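Welcome, and please open your viewer. We will go from stop to stop, selecting a few residues each time and looking at what is there.

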Amino acid sequence: MKYLDEFRDGALAQRLAAEIHQLTTRPWRIMEVCGGQTHSIIRNGIDQLLPPTIELIHGPGCPVCVTPLETIDTALAIAALPNVTFCSFGDMLRVPGSQRDLFSVRSQGGDVRIVYSPMDAVRIARENPQREVVFFAIGFETTAPATAMAVLTAKRLGLRNFSMLVAHVLVPPAIEAILNAPGNRVQAFLAAGHVCSVMGYWQYVPIAERYGVPIVVTGFEPLDILEGIRRAVRLLEAGEARVENAYARAVTFEGNRAAQQVLAEVFEPCDRAWRGLGVIPQSGWRLRAPYRDFDAQHRFAIGELHVQESPICRSGEVLQGKIKPNQCPAFGTLCTPRTPLGATMVSSEGACAAYYNYGRMALPETAAVPSRDERGDDHARLA
Amino acid sequence: MCLGIPGRVISIYDADGVRMGKVDFDGIVKEVCLEYVPEVQVGDYTIVHVGFAITRVDEASAQETLRLFREMAMLEEELNPEEHAETRVPPTCPLPPSAHHEVP
Ligand code: SF4
């Protein structure tokens with residue numbers, strides 16, 4: 001339990017961990033949906049505080065990781081057009097497409113810019129009326145309110161040179177797809193806190209009932225995650241398939257109504273492909289008809305792209321919790337954050353990158369975890 | 001990109017009909033859209049995601065979250081991504097950005 005002293009409140013963490021040990025009488029498999037939670041779990045060694053019979057399965061909750069290769073290639077093709085200024089969140093720039101990534105488009109003279117907010121892209125469009133400004137709209141329900149407002153603003157300002165490549169994905173349909181998959185191993189979910197800040201958690205109640213799984217709305221900090229796991233284990237042991245909110249300081253049942261209204265105005269649900277998982281029905285948002293002019297896919301005729309995933313990469317199995325990252329033969333050898341073969345190695349919220357950065361090189365059973373002091377050296381050696 | 005960061009609202013104003021404000025994230029001040037949190041007032045803490053406030057939080061939990069981000073040296077990088085794009089090598093490295101300045 002070498003990580004316990006790194007918690008803000010070591011004593012509270014210890015109590016939570018002890019209670020989880022006490023509650024656990026059987027093996028349970030719990031999926032944390034959000035990539036931010038995966039990062040926090042591996043960074044803080046939370047999985048290693050748990051009884052060995054509790055397995056955390058790292059879910060597909062990193063938007064960078066699940067954006068399909070076709071979409072990345074479309075982005076690369078648009079970004080390379082001479083009159084285009086392509087704006088993206090920083091994490092997307094190193095995600096490998098079939099041939100290259102956005103960084104290489106930029107080094108070959110493409111105007112690719114990293115923005116913090118979609119509103120930055122609207123501002124760039126306003127200041128550069130002679131350029132076509134395209135924003136790469138990826139992300140879950142947390143990010144979509146921002147892109148929706150960017151579209152509304154662009155429309156109100158009458159901007160004709162602004163558009164978005166929309167690749168938004170939704171958490172509840174992904175949870176259902178995981179539960180419906182043959183051989184599903186997940187018995188309970190930690191739902192992503194900030195997604196629920198926006199959407200509330202009423203959507204999860206019918207899922208918990210229909211599939212008989214407990215779902216616990218959980219935050220991102222180490223203590224939040226331990227508390228989420230504690231509640232999930234308690235519900236599992238009691239055989240109760242309910243939704244509980246372990247992140248009440250930022251989440252209400254109904255969520256953010258103002259944001260939900262704008263989302264419903266701008267977006268409609270659509271089927272969407274997830275990298276590594278395939279098409280999930282009604283699992284994405286696209287622009288509604290009145291906003292189609294802002295759809296980059298309509299504006300730029302990129303045509304059919306034929307894409308080839310790396311034959312070595314097993315990120316699809318990682319995203320479904322079928323293997324752990326360090327069980328992929330390329331992990332840490334052919335595939336590192338500098339030479340990523342799959343998106344799960346690129347984003348800091350990807351499970352492969354989290355395992356790599358925090359030294360989980362061996363299989364889980366034998367993993368030797370470096371202490372905090374050793375980590376810097378360890379990293380230098382591995383990198 | 002997926003981080004939600006708490007900050008303190010230090011001003012609120014209207015920009016082209018949108019409710020905007022300045023939010024202080026532990027010393028880094030950014031312009032933030034407050035359209036989705038009509039209840040938030042100057043002095044309140046709110047969780048901000050890609051430039052949009054999505055929910056109110058209390059000060060104690062906001063401070064605690066900020067402390068964690070500071071320790072992980074993630075605040076600067078998240079809030080000023082373009083400046084850190086080139087120094088972020090590899091992009092997922094847990095070392096603080098300052099440790100990378102010599103890296104080509
Ligand atoms: S380690 Fe690399 S190659 Fe293996 S699954 Fe992860 S991203 Fe793919």
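Which residue forms a salt bridge with A:Arg231? Select A:Arg231 together with A:Glu244: they form a salt bridge, and their closest N and O atoms are 3.1 Å apart. A salt bridge here is a side-chain nitrogen of Lys or Arg within 4 Å of a carboxyl oxygen of Asp or Glu.

Before moving on, a word about what you are viewing. This is a predicted model, in which local features need pLDDT of at least 70 and side-chain atom pairs count only at pLDDT 80 or more, while totals for chains, interfaces and linings use all residues. Residues are numbered from 1 along each chain as its sequence is written, chains are lettered from A and ligands numbered from 1 in the order in which they are written, and side-chain values use heavy atoms, with hydrogens and water left out.

**Stop 1: charged partners**

Stay with the first pair. A:Arg231 sits in helix 11 (residues 222-238) of chain A and A:Glu244 in strand 9 (residues 243-245), so the pair links distant parts of the chain, 13 residues apart. Helices (H or I, at least four residues) and strands (E, at least two) are DSSP runs, numbered from the N terminus. A:Glu244 counts as buried, at 7% relative accessibility. Buried means under 20% relative accessible area, exposed means over 50%, and partly exposed is in between (1.4 Å probe, protein chains only).

Now add A:Glu19, A:Glu227, A:Arg230, A:Arg234, A:Glu240 and A:Arg242 to your selection: with A:Arg231 and A:Glu244 they are linked in a network of salt bridges. Side chains of opposite charge can pair when their charged atoms come close.

Next, select A:Arg288 and A:Glu268, another salt bridge, with 3.5 Å between the closest N and O atoms. A:Arg288 is in the loop between strand 11 and helix 13 of chain A, and A:Glu268 is in strand 10 (residues 267-274), so this pair ties together parts that are 20 residues apart in sequence. A:Arg288 is partly exposed at 27%, whereas A:Glu268 is buried at 18%. Over all chains, the structure holds 23 salt bridges.

**Stop 2: helices under cover**

Select residues 35-43 of chain A, which form helix 2. Nine of the nine residues are buried, so helix 2 is largely enclosed by the rest of the structure. Just after helix 2 comes A:Gly45, with a positive phi near 65°.

Then select residues 69-79 of chain A, helix 4, where nine of the 11 residues are buried. Those buried residues pack against several elements of chain A, including strand 3 (84-88), helix 5 (102-107) and strand 6 (162-169).

**Stop 3: the nonpolar core**

Which residues touch the most other members of the largest nonpolar core? Select A:Phe86, A:Phe162, A:Phe189 and A:Tyr204, which do so in a core of 105 residues. A nonpolar core is a set of buried Ala, Val, Leu, Ile, Met, Phe, Trp, Tyr and Cys residues joined through side-chain atoms within 4.5 Å. Helix 7 (residues 144-156) of chain A gives the largest share of this core, seven residues.

Zoom in on A:Phe86. Leaving out residues up to four places away in sequence, A:Phe86 touches A:Ala75, A:Leu102 and A:Val134, among others.

**Stop 4: where the chains meet**

Show both chains. How many residues of chain A are in contact with chain B? There are 53, and they meet 44 residues of chain B; contact means heavy atoms within 4.5 Å. The area buried between the two chains is about 4,000 Å², of which carbon and sulfur atoms give 62%. Buried area is the accessible area (1.4 Å probe) that two parts lose on being put together, summed over both. In chain A, select A:Tyr116, A:Glu221 and A:Arg249, which lose the most area to chain B. The count of salt bridges between chain A and chain B is zero.

**Stop 5: chain B and its turn**

Chain B has three helices and five strands, in the order β-β-β-β-β-α-α-α along the sequence. Of its 104 residues, 58% count as buried.

Finish at B:Asp26, in the loop between strand 2 (18-25) and strand 3 (28-33) of chain B. B:Asp26 has a positive phi of about 55° although it is not a glycine. Most residues other than glycine have a negative phi. B:Asp26 counts as partly exposed, at 34% relative accessibility.
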